[in-house]
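Work through the following exercises with the model open beside you, and try each task before reading its solution.

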Amino acid sequence: MFNWSEEWNISFSGCGFRSIYYVGVLSCILERAPQLVHGAAKIGGASSGCLVAAAVTVGTPMEQLCLDILTTAKEARKQGLGVFHPSFCLLRTVQRSLLDRIPDDAHLRASGRLCVSLTRLMDGENVLVSEFASREELIQVLMCSCFFPVYCGSTPPSYRGVNYMDGALSNSMPLFELRNTITVAPFSGESDICPTEGTFNFFEANYGNVSIQVNTGNVHRVCTSFLPPPPEMLAEICHNGYMDALCFLIKRGLSSTECNPCNLLLEEHRAKPPCCDLVKEKRKMKKMLLTEGNHQHQEHWWLDPKVIENLPSGIKKVLCEVCRDAREANSWWSQTTDFLPVKIFLFPLTLLVVSLQFALFVVKSVTIIFMNRPPQTADGIRRAPQTYTEHQRDPLKMTGQQSSSTSSDSAVS
């Protein structure tokens with residue numbers, strides 16, 4: 001049973017494009033036990049997990065978060081080299097989405113409740129940020145936590161004059177050390193909410209406070225975290241998050257035990273996906289291309305309704321519309337890249353681009369570290385310059401004013 005009398009937290013690990021898993025998790029919790037999210041003292045995250053945590057703390061609807069993730073994955077899949085194409089910048093896409101969606105008072109809502117994990121470029125130490133002076137500063141912190149070297153470019157972003165990298169490199173599960181923290185990860189392991197494997201695993205890796213079992217399923221999950229899968233697979237990942245969260249709620253006594261996940265899959269009367277009524281006119285044109293058979297499959301040929309049947313109607317509608325648009329707008333380039341000779345040609349080209357970006361990142365990182373080294377004094381010891389925050393500078397100014405007034409009084413006397 002869950003202890004409501006104690007303070008609890010929620011933490012989301014970094015997982016790249018598999019953050020759509022968190023949309024399913026949160027949709028289930030907000031539908032069946034909303035107090036678990038609304039009453040959490042702190043909500044932390046690293047990398048893409050901090051974007052989900054920020055969306056929860058500032059009040060972004062789950063439908064909008066789902067659409068943003070799908071849109072980013074769709075943009076990344078347009079190019080031949082995917083996220084490594086020179087014309088595509090993942091960090092710029094994230095920044096544009098944050099500027100459009102985050103409200104003006106987001107920093108006030110997030111301060112004290114949102115906890116973002118950062119990795120300092122100078123020494124690789126982990127830094128947790130939970131106070132934000134402005135909306136722009138909040139966005140900058142989120143971008144710093146999402147910057148994965150080479151994958152997101154070669155120039156690391158900065159926050160208050162200090163360069164940072166992906167928070168998952170040092171602590172992918174912030175607030176993990178606290179007693180009553182609900183950990184969520186899209187990799188099978190020991191997290192509170194995570195996928196489960198059918199076989200027992202003897203080997204387990206712990207990376208950034210995240211328990212990850214060593215199996216083929218997690219290898220595929222890690223690959224799809226960096227390389228965005230098709231929208232149909234993202235929809236299935238979202239549904240898996242919903243079902244895993246439902247199992248967690250039942251085990252903790254937060255949801256009715258009569259609601260068995262197995263029974264949800266055996267409902268006889270399933271409602272039509274909410275996007276079906278939006279495509280009645282287009283359906284007539286598609287009938288000529290569809291084979292005779294299952295009538296339900298013909299009506300919803302772009303996405304199997306069984307994949308999303310338990311999700312809330314709003315999430316269903318977003319997933320259906322994105323999958324439908326992706327199928328109808330299937331470009332000639334995406335069809336060409338499905339051929340094996342084209343994939344063989346693009347593979348070494350991708351390695352070349354990654355190697356060049358890695359070399360550029362190393363050069364820029366060394367330059368930044370060298371420029372920020374403390375100056376060397378005459379005794380041969382490097383001393384770091386003293387820095388003060390705003391609340392530290394005021395007492396110094398007051399002390400200086402008092403000393404100057406004292407000296408002036410003594411001179412008069």
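**Exercise 1.** Find what joins the side chains of D166 and S47.

*Solution.* Begin with the two side chains, which are joined by a polar contact of 3.0 Å; such a contact is a pair of N or O atoms within 3.5 Å, where within protein one must be able to donate a hydrogen and the other to accept it, and residues adjacent in sequence count only if both atoms are side-chain atoms. This is a predicted model, in which local features need pLDDT of at least 70 and side-chain atom pairs count only at pLDDT 80 or more, while totals for chains, interfaces and linings use all residues. Residues are numbered from 1 along each chain as its sequence is written, and side-chain values use heavy atoms, with hydrogens and water left out.

**Exercise 2.** Locate S47 and D166 along the chain, and decide whether each is buried or exposed.

*Solution.* First, S47 sits in the loop between β2 (42-46) and α3 (48-58), whereas D166 belongs to the loop between β6 (162-165) and β7 (181-184); helices (H or I, at least four residues) and strands (E, at least two) are DSSP runs numbered from the N terminus. Next, S47 has 10% relative accessibility and D166 has 3%, so both count as buried, a word that means under 20% relative accessible area, with exposed over 50% and partly exposed in between (1.4 Å probe, protein chains only).

**Exercise 3.** List residues in contact with D166, leaving aside its neighbours within four places in sequence.

*Solution.* Taking contact as heavy atoms within 4.5 Å, D166 touches S47, T119, C144, S145, C146, F147 and F148.
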